[in-house]
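Q: Please take a close look at one part of this model, the metal site, and then describe the helix pair that follows it in the chain.

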Amino acid sequence: MCSVELSYLLPHLAGVLVLSVDGSGPVVVVRARTRSFTPASCTGCGRPSGWCHSRYVRRLTDASLGGRPVLIELSVRRLYCENAACAKLTFVEQVPGLTVRYQRRTPLLQHMVEAVGVLLAGRGGARMLKVLHVGLSRCTVLSQLMRIPLPPLQTPRVLGVDAFVLYRDTYGTLLVDATTRLPLTLWEGRDAEQLARSLIGGRQSAAKAFDTVR
Ligand SMILES: [Zn+2]
């Protein structure tokens with residue numbers, strides 16, 4: 001006989017009270033609730049409040065467990081903000097690591113969806129997620145991919161320029177950071193003057209930034 005704490009298998013549920021786990025159907029349903037007398041920070045002003053307005057159940061999709069999808073039915077509180085100067089009268093508490101505002105997936109699953117989207121894009125990503133028991137359309141995978149913030153753009157030390165044919169006499173130009181091999185920008189046409197203007201503009205921006213630092 002082996003008894004394992006649920007929070008060991010699902011550490012993101014450690015901050016809530018798990019009421020039941022129903023594994024009798026094709027989906028594992030975990031019912032849980034947040035603790036009643038723990039203050040939560042207002043999403044508007046950040047001031048903690050424990051003054052409960054009401055409760056409602058959020059349905060969160062989580063990463064699959066034992067080859068079956070997991071649904072978390074989490075009872076959360078809507079609280080009054082006790083700061084009279086705050087624009088929010090009420091707010092809904094968030095559980096770090098488990099809930100994100102307006103998000104119906106846990107951060108664990110959301111990270112998986114984004115990683116699959118980066119690696120396989122829409123159609124391939126949706127197929128891979130289906131294998132992982134996550135039912136999302138290719139459009140949803142793409143929309144999640146487009147929501148990921150881009151890393152800050154670094155000035156490339158070595159610039160690669162590639163002109164290519166889109167169709168017939170329509171051309172495109174791709175600029176690539178030759179060090180990281182990541183694309184920088186793409187524009188229609190293969191005009192040398194356009195490239196020269198871009199490079200001069202980049203040099204002027206760099207010179208301005210250098211003057212600011214000095
Ligand atoms: Zn507030």
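A: The metal site is described below, followed by a pair of helices. The model is predicted. In it, the zinc ion is held by the SG atoms of Cys-42, Cys-45, Cys-81 and Cys-86, at 2.3 to 2.4 Å. The angles that these four donor atoms subtend around the zinc ion run from 102 to 114 degrees, so the arrangement is tetrahedral. Along the sequence, the donor residues follow the spacing C-x2-C-x35-C-x4-C. Distant parts of the chain are linked in this way: Cys-45 lies in the loop between β3 (40-41) and β4 (48-49), and Cys-86, 41 residues apart from Cys-45, lies in the loop between β6 (68-80) and β7 (90-92).

As for the helices, the axes of α2 (residues 107-131) and α3 (residues 138-146) come within 8 Å and cross at roughly 140 degrees. The two helices are therefore oblique to each other, and the crossing of α2 past α3 is left-handed. On the α2 side, the contact residues include Val-113, Gly-117, Ala-121 and Leu-129; on the α3 side, they include Arg-138, Val-141 and Leu-145. By class, this contact has eight nonpolar, five polar and three charged residues.

Technical notes:
Residues are numbered from 1 along each chain as its sequence is written. This is a predicted model: local features need pLDDT of at least 70, side-chain atom pairs count only at pLDDT 80 or more; totals for chains, interfaces and linings use all residues. Side-chain values use heavy atoms; hydrogens and water are left out. Axes are lines fitted to C-alpha atoms, for helices over the stretch in contact, and angles run from 0 to 180 degrees between N-to-C directions. Helices (H or I, at least four residues) and strands (E, at least two) are DSSP runs, numbered from the N terminus. Angles under 35 degrees count as roughly parallel, over 145 as roughly antiparallel, 65 to 115 as roughly perpendicular and the rest as oblique. A crossing is left-handed if the near helix is turned anticlockwise from the far one by less than a right angle, and right-handed if clockwise. Contact means heavy atoms within 4.5 Å. Ala, Val, Leu, Ile, Met, Phe, Trp, Tyr, Cys and Pro count as nonpolar, Asp, Glu, Lys and Arg as charged, and the others, Gly among them, as polar. Donors are N, O and S atoms within 2.8 Å of the metal (3.2 Å for Na, K and Ca); water is not among the atoms, so sites may look incomplete. Four donors count as tetrahedral if all angles lie between 85 and 135 degrees; four count as square planar and six as octahedral if opposite donors are over 155 degrees apart and all others between 65 and 115; anything else is irregular.
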